[in-house]
Amino acid sequence: MSGIEKNKITELRQQGYGYKRIAKELSTTISAVRYACSVICDEDSLTGNCRNCGQKIKSIKGKKKKKFCSDNCRWQWWSKHLKEVNKKAYYTLHCKCCGKEFTAYGNNKRVYCSHDCYIKYKLQKGANHHEAL
């Protein structure tokens, strides 16, 4: 089906015409009109614009719709819009070395509040291991 026919079908659908009436107007079959409408609908849902630069992008059918044209645009947009990030993954934990309460973002399995506590704990554990021998 040509681009002209697709445009005409889109125009008639926007005017409220049904498949039968469009088929009659264009002297084609109802199934051809129905198919063209589904293709047009798919094409419209797969195209969009990059959130960062506005460039036109096309997504792949069956996959998540693209929001950015490239990784670079995605990084730029997120670095400009840090306040829009909904950070929910904050965890309150207790340090295995010093026992101090600390907050970690994105990792609920953290054990130490800092690198220094990690080193101290490992050195203490090593010293205790040598004394036991």
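**Figure 1. Helix H1 packs against helix H2 in this predicted model.** Helix H1 covers residues 3–14, and helix H2 covers residues 19–26. The two axes lie 10 Å apart. The angle between H1 and H2 is about 135°. Angles over 145 degrees would count as roughly antiparallel, and 65 to 115 as roughly perpendicular. The angle of H1 and H2 fits neither class, so H1 is oblique to H2. Their crossing is right-handed.

**Figure 2. A closer look at the residues between H1 and H2.** From H1, the contact uses Glu5, Lys8, Ile9, Leu12 and Arg13. From H2, Tyr19, Ile22, Glu25 and Leu26 take part. What classes of residue make the contact of H1 with H2? There are 5 nonpolar residues and 4 charged ones. No polar residues join in. Ile9 and Leu12 of H1 are among the nonpolar residues. Glu5 and Lys8 of H1 are among the charged ones.

**Figure 3. Ser27 sits in the loop after H2.** This loop runs between H2 and helix H3, which spans 30–46. Look at the backbone of Ser27. Its phi angle is near 55°. That is a positive value in a residue other than glycine. Is Ser27 buried or exposed? Its relative accessible area is 68%. Exposed means over 50%, so Ser27 is exposed.

**Figure 4. Gly54 lies in the loop between strands S1 and S2.** Strand S1 covers 47–49, and strand S2 covers 56–58. Gly54 has a relative accessibility of 41%. This value is under the 50% cut-off for exposed and not under the 20% cut-off for buried, so Gly54 counts as partly exposed. Now find Phe68. Gly54 and Phe68 are 14 residues apart along the chain. Their C-alpha atoms are separated by 8.7 Å.

**Figure 5. Lys56 is part of strand S2.** Which residues does Lys56 touch, not counting residues up to four places away in sequence? They are Thr47, Gly48 and Asn49. Strand S1 covers 47–49, so these three contacts of Lys56 fall in S1. Lys56 has 64% relative accessibility and counts as exposed. Cys69 is another residue to find here. Lys56 and Cys69 are 13 residues apart along the chain. The separation of their C-alpha atoms is 7.8 Å.

**Figure 6. Tyr105 belongs to strand S4.** Strand S4 spans residues 101–105. Leave aside the neighbours of Tyr105 within four places in sequence. Tyr105 is then in contact with Lys87, Lys88, Ala89 and Tyr90. How far apart are Tyr105 and Ala89 in sequence and in space? They are 16 residues apart in sequence. In space, the distance is 5.6 Å, C-alpha to C-alpha. Tyr105 has a relative accessible area of 44% and is partly exposed.

**Figure 7. The whole chain puts the close-ups in context.** The chain has 5 helices and 4 strands. Along the sequence, their pattern is α-α-α-β-β-α-β-β-α. The chain has 133 residues, and 19% of them count as buried. It exposes about 10,500 Å². Carbon and sulfur atoms supply 50% of that area. Now take the contacts between residues at least 6 apart in sequence. Of these, 13% join residues at least 24 apart.

Technical notes:
Residues are numbered from 1 along each chain as its sequence is written. This is a predicted model: local features need pLDDT of at least 70, side-chain atom pairs count only at pLDDT 80 or more; totals for chains, interfaces and linings use all residues. Side-chain values use heavy atoms; hydrogens and water are left out. Helices (H or I, at least four residues) and strands (E, at least two) are DSSP runs, numbered from the N terminus. Buried means under 20% relative accessible area, exposed over 50%, partly exposed in between (1.4 Å probe, protein chains only). Contact means heavy atoms within 4.5 Å. Accessible areas come from the Shrake-Rupley method with a 1.4 Å probe; for residues, only the protein chains shown count as cover. Axes are lines fitted to C-alpha atoms, for helices over the stretch in contact, and angles run from 0 to 180 degrees between N-to-C directions. Angles under 35 degrees count as roughly parallel, over 145 as roughly antiparallel, 65 to 115 as roughly perpendicular and the rest as oblique. A crossing is left-handed if the near helix is turned anticlockwise from the far one by less than a right angle, and right-handed if clockwise.
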